[in-house]
Amino acid sequence: MKLSILGLLGLESVTVADSLFISNSRSACCESLLSQERITFCINVSRQQPFPSFQQGQLLRIPVFDDPSEDLYKYFEHCSDAIEDTIQRGGNCLVYCKNGRSRSATICTAYLMKHQKLRLKDAFEIVKNARPMAEPNAGFWSQLQKYEDHLQRQQQRTLSSNTISHNKYIDSDYNVVKFL
């Protein structure tokens with residue numbers, strides 16, 4: 001296995017999915033690493049960790065501590081959609097927190113659940129395989145379970161809506177909508 005100088009210095013980001021990376025704040029502020037991975041968007045999931053000083057991308061702060069009582073759930077949709085938008089435009093996204101363990105892993109897991117349509121267990125397994133130290137705190141895990149329920153209800157409503165719209169037609173003689 002070939003290690004780069006950055007890897008020897010303990011600076012690394014790991015790929016969670018195509019164009020999605022996770023790391024700690026020390027690595028996230030390394031210009032060489034950001035350039036090497038062609039990062040165009042950074043999500044800093046912390047109140048206190050610094051932003052990188054790179055000019056080629058966008059920055060977003062999600063101001064939460066790694067505390068089980070913090071509400072990270074309210075940011076899941078916005079972060080997931082921002083990551084997806086970055087990827088769809090051909091960019092690369094880095095999600096980080098102080099240690100790259102709890103908050104950033106939670107956001108990456110939420111993204112995979114929403115945009116790759118994965119169950120929580122499967123989404124987290126991908127994150128954990130990419131970054132073995134990933135471990136959302138108990139409060140964040142509970143919020144991911146709530147989010148999984150939300151996404152499943154949303155998917156069921158969409159399926160029900162599609163079924164109804166495919167099973168109705170307008171009778172040309174009476175101009176009435178009928179359900180099959």
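User: I'm starting with the cysteines. Which cysteine has the sulfur closest to that of Cys93, and why is there no bond?

Analyst: Here's the general idea: a disulfide is a covalent bond between the sulfur atoms of two cysteines. In this predicted model, the closest sulfur to that of Cys93 belongs to Cys42, and there is no bond because the gap of 7.3 Å is too far for one. For reading other pairs, the cut-off to keep in mind is that the two sulfur atoms must be within 2.5 Å.

User: How many disulfides does the structure hold, then?

Analyst: Zero. Cys97 is in no disulfide either: its nearest cysteine sulfur, in Cys108, is 9.2 Å away.

User: Are Cys93 and Cys97 buried or exposed?

Analyst: For that you look at relative accessible area, and under 20% counts as buried. Cys93 is buried at 0%, and Cys97 is buried at 2%.

User: Let me step back. How many helices and strands does the protein have?

Analyst: Seven helices and seven strands. Reading from the N terminus, you meet them as α-β-β-α-α-β-β-α-β-α-α-α-β-β.

User: What share of the residues counts as buried?

Analyst: Of the protein's 180 residues, 44% count as buried. You can also look at the surface from the outside: the accessible area comes to about 10,200 Å², and 50% of that belongs to carbon and sulfur atoms. As for contacts along the chain, take those with a separation of 6 or more: residues 24 or more positions apart account for 58% of them.

User: Now the sheet. In what order do its strands sit?

Analyst: In general, strands of a sheet pair through backbone hydrogen bonds, either parallel or antiparallel. Here, an open sheet of five strands has the order β1-β2-β5-β3-β4, and the pairing is mixed. At the edges you find β1 (14–17) and β4 (58–61), each of which pairs on one side only. Neighbouring strands of this sheet are turned against each other by 25 degrees on average, direction ignored.

User: Which way do β3 and β4 run, and how many bridges join them?

Analyst: β3 (residues 41–44) and β4 run parallel, and four bridges join them. To see one pair in the structure, find Ile43: its bridge partner in β4 is Leu60.

User: Which strands does helix α4 lie across?

Analyst: Helix α4 (residues 76–88) lies across β2 (20–24), β3, β4 and β5 (93–97). Its direction is at about 165 degrees to that of β3.

User: How do I read a helix by its sides? Which residues of α6 are buried?

Analyst: The trick is to check where around the axis the buried residues point. In α6 (residues 120–130), the buried ones are Leu120, Ala123, Phe124, Val127 and Ala130. These residues cover an arc of only 120 degrees around the axis, which means they are on the same side of α6. On the other side of α6, Lys121 and Asn129 are exposed.

User: Which residues does Thr109 touch, leaving out those up to four places away in sequence?

Analyst: Thr109 lies in helix α5 (residues 103–115) and is buried, with 0% relative accessibility. Not counting residues up to four places away in sequence, Thr109 touches Leu120, Ala123, Phe124, Val127 and Leu144. Look back at α6 and you'll recognise some names: Leu120, Ala123, Phe124 and Val127 are among its buried residues.

User: What about a loop residue? Where is Arg101?

Analyst: Arg101 sits in the loop between β5 and α5, and a relative accessible area of 41% makes it partly exposed. Leaving out residues up to four places away in sequence, Arg101 touches Met133, Ala134, Glu135 and Pro136. A useful habit is to compare sequence with space: Arg101 and Asn137 are 36 residues apart in sequence, while their C-alpha atoms are 9.0 Å apart.

User: One last feature: backbone angles. What phi does Ser19 have?

Analyst: Ser19 has a positive phi of about 70 degrees although it is not a glycine. You'll find Ser19 in the loop between β1 and β2, where it is partly exposed at 22% relative accessibility. Lys117 is another non-glycine with a positive phi, of about 55 degrees. Lys117 sits in the loop between α5 and α6 and is exposed, with a relative accessible area of 65%.

How values were computed:
Residues numbered from 1 in each chain as written. Predicted model: local features only at pLDDT ≥ 70, side-chain atom pairs only at ≥ 80, totals over all residues. Heavy atoms only, no water. Pairing = 2+ DSSP bridges. Helix = DSSP H or I, 4+ residues; strand = E, 2+ residues; numbered from the N terminus. Axes fitted to C-alpha atoms, helices over the stretch in contact; angles between N-to-C directions. Contact = heavy atoms within 4.5 Å. Buried < 20%, exposed > 50% of the residue type's maximum accessible area, 1.4 Å probe, protein only. Areas by Shrake-Rupley, 256 points an atom, 1.4 Å probe, with all protein chains shown as cover. Arc of directions from axis to C-beta.
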